[in-house]
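Here are my notes on the model you sent round. Have it open while you read, and tell me where you disagree.

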Amino acid sequence: MPYVSHVLGLAALTLLAAAPSTAAADAWSVAPATGGTAGRPYIYAEGESGTVLEDAVSVLNPGGTPLTVRLRGADGPDGVRSGPVGTGAWIGFARTTGGHRRAASAVSVTVPARTRADVPFTVSVPPGTTPGDHPGAIVAEAGGRSSAVRVRLRVGGPTLSALSVEHVSVGGGRISYELVNRGNTVLAPRLAVHVDGLFGTLLDRPAHALSLDLPPGRRVTLSEPWRGTPALDAVQVRLTVTAAGGARASASASARFVPWGAVAGTGGALAAAGAGFVVRRRGRGPRDGDGDGDAAPRQPWRPWRRGRRPPDGDAGEPPCAEAELTGAVK
């Protein structure tokens, strides 16, 4: 480990003689303790299940008055998840209670003016913990704001890098999708986008890094901008995601782009033209050969008795359909 400090030791206080006395009280910061080495972007700890790992964070108070900072452990790389049940619950700080020092889930430290306090902590990995990455954080709160230091804990044992891409959709100039980390290592995914239309490739974006670390078992919803989508086309979208350790997954979705405003206008024009044709057709007079308007109307058909011919002058004719009645009529 780059920096090791006993969990029951007192916080180390270092005077900052060069710090100006007029520094604002809200300019405090928290970072991994350096221990004489170069600055670390986060705290990395590695060990087997059932072990206790030790490290420290530094709280810097450049202001001219003392500062009380509350430190606590949290789950997740950003420390925003409340109620730690994983890595956050394994982080402990030294706190004096009844004259005895013991590990506590949270501690308050008063840092004098223009001083840095190195606060030790432990990570107690429970027996039987699943191998792989277990991200957490140490959150510092003071003066109405908070800041977090990432803790990347790796428990020894077989590791698996795996992910999946799900629920791909297209709309509003964006390609939306979900990533799921199905392994036991933290993944830094890279995304490639390819879109084909009816007449060829519309978009071919090579693999590029996504600005996130995806912890094991976590799901995240993301979107990729797509400017200049077609006005009229049927497309096939394919997303390919890769990450270190051999993780690779892809998913596809189809979409149709139709200018519904233009389609509605064209349909309305066609309907109006059809209606006008029907009106004009119904308003036309008799065609040539249909007879003139002075011709005598046809005589109505009159029934006759069986065996008799219709009288002369009866132009009527019997009906062309017959009906058979059955049953009684009351």
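The points below go through the strand pairing, the nonpolar cores and one buried acidic side chain.

1. First, a reminder: this is a predicted model. Please read each point below with that in mind.

2. Let's begin with the small open sheet. Three strands make it up, in the order β12-β13-β16, and the pairing is antiparallel. At its edges sit β12 (163-171) and β16 (219-225), each of which pairs on one side only. From one strand to the next, the twist averages 20 degrees.

3. Within that sheet, have a look at β13 and β16. Strand β13 covers residues 174-181 and is joined to β16 by seven bridges, the two running antiparallel. If you want a spot to check the register, take Glu 178, which stands opposite Thr 221 in β16.

4. Next, β11 and its partners. Eleven bridges link β10 to β11, and these two run antiparallel. Val 139 and Ala 148 of β11 stand opposite each other there. The β10 and β11 hairpin has two residues between the strands, and Gly 143 takes a positive phi near 60 degrees in it.

5. β11 also pairs with β3, but here the strands run parallel, with five bridges between them. One pair to look up is Gly 47, whose bridge partner in β11 is Val 155. As a reminder, strands of a sheet pair through backbone hydrogen bonds in either the parallel or the antiparallel manner.

6. Now the packing. Which residues touch the most other members of the largest nonpolar core? They are Val 57, Leu 71, Phe 93, Phe 121, Val 123 and Leu 153, out of 28 residues in that core. The elements giving two or more residues to it are β3 (43-47), β4 (52-61), β5 (67-75), β6 (91-97), β8 (106-111), β9 (115-124), β10 (132-142) and β11 (145-155). Another core, of 25 residues, lies apart from this one, and its members include Leu 163, Leu 210, Val 235 and Val 237.

7. Last, an acidic residue I'd like you to inspect: Asp 75, in strand β5. Is Asp 75 buried or exposed? Its relative accessibility is 6%, so it counts as buried, the cut-off being under 20%. What does the side chain of Asp 75 reach? One contact is the backbone nitrogen of Gly 86, at 3.2 Å. The side chain of Asp 75 also reaches the backbone nitrogen of Gly 88, at 2.7 Å.

How values were computed
Residues numbered from 1 in each chain as written. Predicted model: local features only at pLDDT ≥ 70, side-chain atom pairs only at ≥ 80, totals over all residues. Heavy atoms only, no water. Pairing = 2+ DSSP bridges. Helix = DSSP H or I, 4+ residues; strand = E, 2+ residues; numbered from the N terminus. Axes fitted to C-alpha atoms, helices over the stretch in contact; angles between N-to-C directions. Core = buried A, V, L, I, M, F, W, Y, C linked by side-chain atoms within 4.5 Å. Buried < 20%, exposed > 50% of the residue type's maximum accessible area, 1.4 Å probe, protein only. Polar contact = N/O pair within 3.5 Å; in protein donor to acceptor, adjacent residues only side chain to side chain.
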